[in-house]
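Here are some worked exercises to try with the model open beside you. Attempt each task before reading its solution.

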Amino acid sequence: MSHLDRLREVFRSSLNLPAAADVDGLEYRAIPQWDSLAHMSLIAAMEDEFAVMIDTDEMIDMSSFAKAAALLEKHGIGAAAR
Amino acid sequence: MTVFTLSAAEREAALLPALTALTERHRLACEPYRRILDAIGAAGPYDRVAALPWLPVRLFKTHELRSVPEEQVFRVLTSSGTTGQRPSRIYLDREAAAAQPRMLAATLRAVLGERRMPMLIVDSRSVVRDPALSARGAGVLGMMNFGRDHTFALDEQGELDAEAVKGFLARHGAEPYLIFGFTYMAWLHLRELGMDLSQGVLVHSGGWKKLAEQSVDNPEYRRRLGEECGLRRIHNFYGMVEQIGTVFLEGPDGGGLYCPDFADVVIRDPDTWQEAPPGVPGLIEVVSTLPTSYPGHVLLTEDLGVVHGVDDGVWPGKRFSVLGRLPRAEARGCSDTYRQAAA
């Protein structure tokens with residue numbers, strides 16, 4: 001599975017979304033499931049899945065799926081999977 | 001990068017134009033605010049931060065004070081409010097909502113660093129689960145950004161969960177970790193725990209009323225938690241929902257609360273409204289450049305405080321303490337004029 005597919009899975013399970021849910025356009029607080037508590041579960045799940053440590057500022061700035069993907073890239077995850 | 005860099009003079013030079021611009025921005029965009037300024041005859045130019053017109057903080061309970069159109073409101077925050085009072089309502093647009101956790105993070109970085117430390121929370125998990133989040137829950141949730149492996153020290157009944165804490169210390173006790181709790185709860189439960197917390201960084205906030213009843217002041221608080229739990233890094237902070245994102249943070253030496261570069265305090269004599277000199281207690285006015293979507297940039301609180309010194313502590317600027325609430329009757333008098341003007 002590509003890292004983006006893994007990230008999509010992390011989003012769906014952390015935010016309690018259906019298996020087929022399209023998450024690529026998601027933004028923080030744009031849906032009720034992605035509230036601040038879910039944001040913390042999401043960050044923790046990303047850290048577990050990709051074995052990265054996410055800083056406070058990165059966590060605060062991760063306000064969309066696209067930004068989450070960019071954050072993984074910054075931590076060398078996207079590059080490794082290519 | 002730290003936000004505790006500006007001396008009193010540099011801060012004044014930076015804040016005066018920024019706060020003056022905010023005053024004009026809110027005057028144009030917020031009709032009730034404009035009426036208040038008109039009624040008290042406030043008009044620029046202002047020659048210093050202490051000359052800017054202030055709003056009594058309780059006006060946010062009685063008036064809808066926002067400077068953005070309704071459709072641009074992204075979040076509405078509410079305060080707990082004391083019994084029988086309506087809560088404050090604070091209107092944030094997308095920009096203000098994004099700025100506040102960032103600036104809070106920049107402030108706390110001075111004592112926590114960039115990394116999210118393992119975090120022990122002196123509260124019950126249920127406070128953050130409540131869908132209509134209490135002010136207490138919102139406070140805990142806001143702080144959880146700074147931690148990882150969030151562990152709650154109290155069970156759902158609010159009793160100490162010693163097993164959970166033991167487990168946390170077994171996992172993380174050898175490295176620095178964050179402890180967050182409300183001032184009185186941290187005092188009560190951390191001492192009850194009777195465990196070695198010497199690697200912990202305690203960040204706490206909230207009222208001192210119950211502690212004052214037991215004659216516990218801040219030096220005593222620090223001393224006893226140091227003696228009984230081994231805590232050496234303790235940081236109180238002072239902040240309010242009406243100026244969300246801005247907190248005044250106790251320095252490493254416990255020598256008072258310090259202002260981040262984008263904020264300041266003015267202590268006012270409650271009889272003359274003039275600025276009180278260091279050492280003389282008065283009402284605390286808090287100023288901050290963060291409130292861009294509502295006129296909360298210059299607020300007169302109902303808390304009494306005192307400035308201990310200026311540019312003489314571990315960080316530059318004023319260092320001050322909060323002494324407690326102003327008795328209710330006195331507070332009413334001072335905001336009557338404002339309430340009539342805004343009505």
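Chain B holds 11 helices and 14 strands, where helices (H or I, at least four residues) and strands (E, at least two) are DSSP runs numbered from the N terminus. The model is predicted, so local features need pLDDT of at least 70 and side-chain atom pairs count only at pLDDT 80 or more, while totals for chains, interfaces and linings use all residues. Residues are numbered from 1 along each chain as its sequence is written, and chains are lettered from A and ligands numbered from 1 in the order in which they are written.

**Exercise 1. Describe the overall build of chain B.**

Step 1: compare the radius of gyration with the globule rule. The radius of gyration is taken over C-alpha atoms, and the rule is 2.2 Å times the number of residues to the power 0.38. Chain B has a radius of gyration of 20 Å, close to the 20 Å that the rule gives for 343 residues, so chain B is as compact as a globular protein of that length.

Step 2: look at the extent. The C-alpha trace of chain B spans about 60 × 45 × 40 Å along its principal axes.

Step 3: check burial. A residue is buried if 20 or more other C-beta atoms lie within 10 Å of its own, exposed if 12 or fewer, and partly exposed in between, with C-beta atoms placed from the backbone. Of the 343 residues in chain B, 45% are buried.

Step 4: take one residue as a test. B:A13 sits in helix α1 (residues 8–29) of chain B, and it counts as exposed because it has 12 C-beta neighbours inside 10 Å.

**Exercise 2. Do the same for chain A.**

Step 1: count the elements. Chain A has 5 helices and 0 strands, in the order α-α-α-α-α along the sequence.

Step 2: apply the rule. A compact globule of 82 residues would have a radius of gyration near 12 Å, and the 12 Å of chain A agrees with this. The C-alpha atoms of chain A fill a box of roughly 35 × 30 × 20 Å along the principal axes.

Step 3: check burial. Buried residues account for 28% of the 82 residues in chain A.

**Exercise 3. Which domains does chain B have, and how do they touch?**

Step 1: read the bounds, which come from an automatic or database domain assignment. Domain 1 of chain B covers 8–99 + 257–325, and domain 2 covers 111–239. Their centres, taken over C-alpha atoms, are 28 Å apart.

Step 2: count contacts, using C-beta atoms placed from the backbone that lie within 7 Å. In chain B, 6 residues of domain 1 are in contact with 7 residues of domain 2.

Step 3: find the main contributor. Strand β14 (residues 318–325) of chain B gives the most to the domain 1 side, with 3 residues.

Step 4: sort that side by class. Ala, Val, Leu, Ile, Met, Phe, Trp, Tyr, Cys and Pro count as nonpolar, Asp, Glu, Lys and Arg as charged, and the others, Gly among them, as polar. The domain 1 side has 2 nonpolar, 4 polar and no charged residues.

**Exercise 4. Trace the strands that pair with β13(B).**

Step 1: set the criterion. Two strands pair if DSSP finds at least two bridges between them.

Step 2: take the parallel partner. Strand β1 (residues 55–56) of chain B is joined to strand β13 (residues 298–310) of chain B by 2 bridges and runs parallel to it; here B:P56 is bridged to B:L300.

Step 3: take the antiparallel partners. Strand β12 (residues 282–288) of chain B pairs with β13(B) over 5 bridges in the antiparallel sense, and B:G282 has B:G305 as its bridge partner. β14(B) is also antiparallel to β13(B), through 7 bridges, with B:V310 bridged to B:K318.

**Exercise 5. Locate the largest nonpolar core.**

Step 1: define the set. A nonpolar core consists of buried Ala, Val, Leu, Ile, Met, Phe, Trp, Tyr and Cys residues joined through C-beta atoms within 7 Å.

Step 2: list its hubs. The largest core has 107 residues, and B:M119, B:L178, B:I179 and B:F248 have the most contacts inside it. Helix α4 (residues 94–112) of chain B supplies the largest share, 7 residues.

Step 3: place the core. It lies between domain 1 and domain 2 of chain B, because both give residues to it.

Step 4: zoom in on one hub. Leaving aside neighbours within four places in sequence, the contacts of B:L178 include B:L112, B:F146 and B:V203.

**Exercise 6. How many residues of each chain meet at the contact between chain A and chain B?**

Step 1: count both sides. 9 residues of chain A are in contact with 12 residues of chain B.

Step 2: assign the chain A side. Both α2 (36–50) and α3 (56–61) of chain A supply at least two residues each.

Step 3: classify that side. The chain A side has 5 nonpolar, 2 polar and 2 charged residues.

Notes:
Two residues are in contact if their C-beta atoms, placed from the backbone, lie within 7 Å.
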